[in-house]
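Thank you all for coming. I would like to walk you through one structure this morning, taking one topic at a time, and I will explain each term when it first comes up.

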Amino acid sequence: MIVYSDEYLRHDSAGHPENASRLKAVMGYLKDKLEALRIVEPRRATQSEVCAVHSEEHYNYIRALSEAGGGNIGMDTYVNRDSFFVALLAAGGAITAVNLAAQEGYAFALVRPPGHHATRDQAMGFCLFNNIAIAARYALEQGIAKRVLILDIDVHHGNGTQDIFYSSPEVLFISLHQHPLYPGTGYVEELGKGEGKGYTVNIPLPPGTGDESYLRALEEIAIPIAEQFSPDLVLVSAGYDTAREDPLGGMLLSQRSYWQIGRKVKTLCSKVAFTLEGGYSLSALSRGVYATLAGLSRIEVEETRSEETTLVKAEVEKRLKEYRHVLREYWDV
Ligand SMILES: [Zn+2]
């Protein structure tokens, strides 16, 4: 089940990699591939839902900038006249997906702008409000879940989500991402603080990582930790900029990894909600979303596999050994 609205296309900037053509491409592809595509319209997140994870100042700043006609935040993040409304609809889309997951098992929110770089006080990295963090907080406050796993598979580290839940033991944040890469955070030593110590798990992987090493990191570290946490809701920050064809990321994943992610995540919990983050090759993004949905519903996809060098394999092997050593203080890995 898909959460989507054409309103998401109104946040747009021609020539920017995060533009409206991304969702047009995905929806076109899914309508071709899936005969019965169920689409649910999102609702807007309320101010109090947004401000459960963001400051009032941040909320008011995005609203004021958008109402004034828009502008840029930092080097890479744009706001236009419609962006405030669309960002509320994106956060609301993630909430809608949580409600659908609670009722029917799983849902995928195809939303824009993305969210995982937005911190409590700061828009950055194409993100205005942190959609998945708002949805996780909503699920906790509504009693839909007591323990939420956020698995972040975008090629970039989800610094905003990490920041928001850094002290929280009720949200386990696990991120697999490329390092070095924007935004530069996400070292394995970033483990959370206070009561949240151990509930932030970073698995940074080298450029050139392909399916084999990626799935090893997922199966040998991320999944065992997720199982020990025993979440009653799983949220996935689903970025497809890990794809081989992606112009922004340096990883080499094929559809195989996205299919496996869909399949494995479904075994963790009876409630699973995906929220779209990055992915800037229109074709890899579209095929990636489809492969994830196919994995979730156990539809077979054509087997593909990306190659990686022995040098990268050895580097991942070395890193995973080191990560186990650090994480062993909190988890059985
Ligand atoms: Zn990304």
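**A network of charged side chains**

Let me begin with four residues, Arg-216, Glu-220, Glu-317 and Arg-324, which are linked in a network of salt bridges, a salt bridge being a side-chain nitrogen of Lys or Arg within 4 Å of a carboxyl oxygen of Asp or Glu. Before going further, I should say that this is a predicted model, in which local features need pLDDT of at least 70 and side-chain atom pairs count only at pLDDT 80 or more, while totals for chains, interfaces and linings use all residues. Residues are numbered from 1 along each chain as its sequence is written, and side-chain values use heavy atoms, with hydrogens and water left out.

Within that network, Arg-216 and Glu-317 meet through their side chains in a salt bridge of 3.0 Å, N to O. Arg-216 lies in helix α7 and Glu-317 in helix α10 (residues 310-327), so this pair ties together parts that are 101 residues apart in sequence; helices here are DSSP runs of H or I with at least four residues, strands are runs of E with at least two, and both are numbered from the N terminus. Glu-220 forms a salt bridge with Arg-324, where the closest N and O atoms are 2.6 Å apart. Here too the residues lie in helix α7 and helix α10 respectively, so the pair ties together parts that are 104 residues apart in sequence.

How exposed or buried are these residues? Arg-216 has 25% relative accessibility and counts as partly exposed, Glu-317 is partly exposed at 45%, and Glu-220 is partly exposed with a relative accessible area of 26%, whereas Arg-324, at 19%, counts as buried. Buried means under 20% relative accessible area, exposed means over 50%, and partly exposed is in between, using a 1.4 Å probe and protein chains only.

By the same rule, the count for the model comes to 16 salt bridges, and another of interest is the one between Glu-18 and Arg-22, with the closest N and O atoms 2.7 Å apart. Both of these residues are buried, Glu-18 with a relative accessibility of 1%. Glu-18 sits in the loop between β1 (2-3) and α1 (21-33), and, leaving aside neighbours within four places in sequence, Glu-18 is in contact (heavy atoms within 4.5 Å) with residues including His-11, Tyr-78, Arg-112 and Tyr-280.

**The zinc ion**

Which residues coordinate the zinc ion? The donors are Asp-154 (OD), listed twice, His-156 (ND1) and Asp-241 (OD), at 1.9 to 2.8 Å. Donors are N, O and S atoms within 2.8 Å of the metal (3.2 Å for Na, K and Ca), and since water is not among the atoms, sites may look incomplete. His-156 lies in the loop between β6 (148-152) and α6 (159-164), and Asp-241 in the loop between β9 (233-238) and α8 (255-268), so the pair ties together parts that are 85 residues apart in sequence. Both His-156 and Asp-241 are buried.

**The nonpolar core and the aromatic rings**

Turning to the interior, the largest nonpolar core has 116 residues, and Phe-108, Leu-110, Ile-174, Ile-203, Leu-235 and Val-289 touch the most other members. Such a core is a set of buried Ala, Val, Leu, Ile, Met, Phe, Trp, Tyr and Cys residues joined through side-chain atoms within 4.5 Å. Its largest share, 13 residues, comes from helix α4 (residues 83-104). Not counting residues up to four places away in sequence, Leu-235 touches several residues, among them Val-98, Ile-132, Val-148 and Ala-273.

Finally, the count of aromatic pairs comes to 10, where rings of Phe, Tyr and Trp (its six-membered ring) pair if their centres lie within 6.5 Å, with planes under 30 degrees apart called stacked, over 60 edge-to-face and the rest tilted. Tyr-199 and Phe-229 form an edge-to-face pair, 6.0 Å centre to centre with 65° between the planes. Tyr-199 is partly exposed at 23% relative accessibility, whereas Phe-229 is buried at 7%. Elsewhere, ring pairs link Tyr-59, Phe-84 and Phe-129 into a cluster.
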